[in-house]
Amino acid sequence: MKGSGMRRRMVVAIGGNSLIKDRQHQDVRSQYIAAHETTEHVAALVEDGWDVVIGHGNGPQVGFILRRSDLAAHELHRVPLDVCGADTQGAIGYALAQNLQNRLRRDGVRTSVVAVVTQVEVDRDDPAFGRPSKPVGSFLDEDAARRHREEDGWDVARDADRGWRRVVASPEPRRIVELDAIRTLVESGAVVVAAGGGGIPVAADAAGDLLGVEAVIDKDLACSLLARELGAELFLITTSVERVALDFGTPRARWVDHLTLEQARAYLAEGTHFAEGSMAPKIRAVCEFLEGGGERAVITDPEHVEAALRGEAGTSVTAGSSRTRDPREFADTT
Ligand SMILES: Nc1ncnc2c1ncn2[C@@H]1O[C@H](COP(=O)(O)OP(=O)(O)O)[C@@H](O)[C@H]1O
Ligand SMILES: NC(=O)OP(=O)(O)O
């Protein structure tokens with residue numbers, strides 16, 4: 001182990017889209033390779049002395065399961081969304097844990113990697129159930145999106161600058177059911193994969209029993225809650241862009257190295273900088289983390305994780321001062 005002394009704790013939220021490298025070949029092998037590449041960077045953090053808790057997205061993968069279930073509807077049962085979430089926790093947790101464990105073993109680091117099937121409680125009356133907003137599955141062109149809406153009853157929405165996607169309800173995460181077990185595992189020295197896909201959405205019935213509900217929780221919001229509950233000092237979000245932009249998707253777009261919490265809140269309130277369903281929930285999650293006592297949040301792509309932690313890449317959000325760069329300058333230097 002390179003680091004010494006007191007261990008620092010971070011929660012890493014790995015984007016579901018960033019786990020799909022090749023949009024043309026979204027097969028198990030390419031997703032496994034993406035998990036492999038991402039865990040190479042996570043291993044460096046573990047070896048650098050961090051206690052690491054890994055959360056991951058599942059938007060694309062939930063959509064694939066739903067689509068398979070739709071296409072086989074004439075002969076097989078439909079899979080409800082909470083079970084889709086549980087399936088993705090198993091499959092993605094398996095790929096992340098196996099790759100990370102292999103890497104750590106090769107490096108002579110004797111650390112267990114454990115994926116925890118995690119339920120996250122939501123409010124049954126959350127208004128989000130009435131307005132689907134969470135993109136899942138593949139990107140579609142406008143005609144295909146319209147066709148699915150008319151013929152299959154899908155809710156669809158534009159996803160940032162990347163096309164159209166099916167959308168499902170995404171209530172606020174309120175409570176991580178397996179939190180105590182996750183904390184115990186972290187304190188035992190294990191790397192824990194938890195709250196995958198934002199957690200399996202569950203709600204309590206009148207008797208207090210938990211039951212699955214039809215939703216996909218935003219994994220950035222769930223990971224932010226997990227980071228606060230575990231007292232993490234750092235919240236790292238890996239996604240498919242190296243940095244966050246202001247005025248994203250417009251000619252005025254500029255990449256940001258650093259934002260203060262106050263600025264992040266102000267830009268969020270302006271409503272024009274961060275697209276809903278993609279970057280806006282990440283910024284919201286980061287703000288909630290810092291308001292809950294976290295020290296620093298970083299958003300970057302997997303390749304730039306180590307540089308971003310050194311302050312040489314990515315976008316950091318803290319209580320410090322800020323700096324922005326013109327996108328052309330960014331393009332020249334990467
Ligand atoms: N202000 C912004 N800055 C950078 N990217 C943005 C911004 N607003 C929207 N995006 C989009 O957000 C995407 C990352 O979110 P997304 O792919 O939904 O997350 P995840 O990696 O968690 O699946 C980027 O690829 C980009 O298209
Ligand atoms: N559940 C979730 O937020 O997944 P993505 O990160 O893939 O959108």
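## From the core outward

Leu 226 is in contact with Val 11, Val 53, Gly 55, Ile 176, Ala 194 and Ala 195, leaving aside residues up to four places away in sequence. This is a predicted model, and Leu 226 is a useful place to enter it, since Leu 226 is listed, with Val 11, Val 52, Phe 235 and Val 286, among the residues that have the most contacts inside the largest nonpolar core. That core has 92 residues, and helix α3, which spans residues 81-106, gives the most to it, with nine residues.

Two of the contacts of Leu 226, Val 53 and Gly 55, lead to strand β2, which covers residues 50-56 and has seven of its seven residues buried. In a regular strand the side chains alternate between the two faces of the sheet. In β2 both faces are covered, with Trp 50, Val 52, Ile 54 and His 56 on one side and Asp 51, Val 53 and Gly 55 on the other, all of them buried. Strand β1, residues 8-14, runs parallel to β2 and is joined to it by seven bridges, and within this pairing Arg 9 stands opposite Asp 51. Strand β2 also pairs with β9, again in the parallel sense, over two bridges, where Val 53 stands opposite Val 192.

Just beyond β9, which ends at residue 193, the chain enters the loop that leads to β10, and Ala 195 lies in this loop. Most residues other than glycine have a negative phi. Ala 195, however, has a phi near 55°, a positive value in a residue other than glycine. Is Ala 195 buried or exposed? Ala 195 counts as buried because it has 33 C-beta neighbours inside 10 Å, and a residue needs 20 or more for that. Asp 247 also has a positive phi, of about 50°, although it is not a glycine, and its place is in the loop between β13 (244-246) and β14 (254-260). With 14 C-beta neighbours inside 10 Å, Asp 247 therefore counts as partly exposed.

Strand β10 belongs to an open sheet of four strands, arranged in the order β8-β4-β10-β11 with mixed pairing, in which β8 (175-176) and β11 (210-212) are the edge strands, each pairing on one side only. Strand β4, residues 119-121, runs parallel to β10, residues 200-204, and three bridges join them; Glu 121 has Val 202 as its bridge partner in β10. Helix α3 lies across β10 and β11, running at about 135° to β10.

Elsewhere, Val 168 has its place in strand β7, residues 164-168, and counts as buried because it has 24 C-beta neighbours inside 10 Å. Its contacts, not counting residues up to four places away in sequence, are Leu 81, Pro 132, Lys 134, Val 136, Ala 215 and Val 216. Val 168 and Val 156 are 12 residues apart in sequence, with 8.5 Å between their C-alpha atoms.

Val 216 appears again among the residues around ligand 2, which also include Gly 15, Gly 16, Asn 17, Gly 57, Asn 58, Asp 218 and Lys 219. The shell around ligand 2 divides into two nonpolar, eight polar and two charged residues. Around ligand 1 there are 20 residues, the closest being Gly 15, Asn 17, Phe 248, Ser 278 and Met 279, and this shell divides into eight nonpolar, 10 polar and two charged residues. Gly 15 and Asn 17 are thus named for both ligands.

How values were computed:
Residues numbered from 1 in each chain as written. Chains lettered and ligands numbered in written order. Predicted model: local features only at pLDDT ≥ 70, side-chain atom pairs only at ≥ 80, totals over all residues. Core = buried A, V, L, I, M, F, W, Y, C linked by C-beta atoms within 7 Å. Buried ≥ 20, exposed ≤ 12 C-beta atoms within 10 Å, placed from the backbone. Contact = placed C-beta atoms within 7 Å. Pairing = 2+ DSSP bridges. Axes fitted to C-alpha atoms, helices over the stretch in contact; angles between N-to-C directions. Near = placed C-beta within 6 Å. Nonpolar A, V, L, I, M, F, W, Y, C, P; charged D, E, K, R; others polar.
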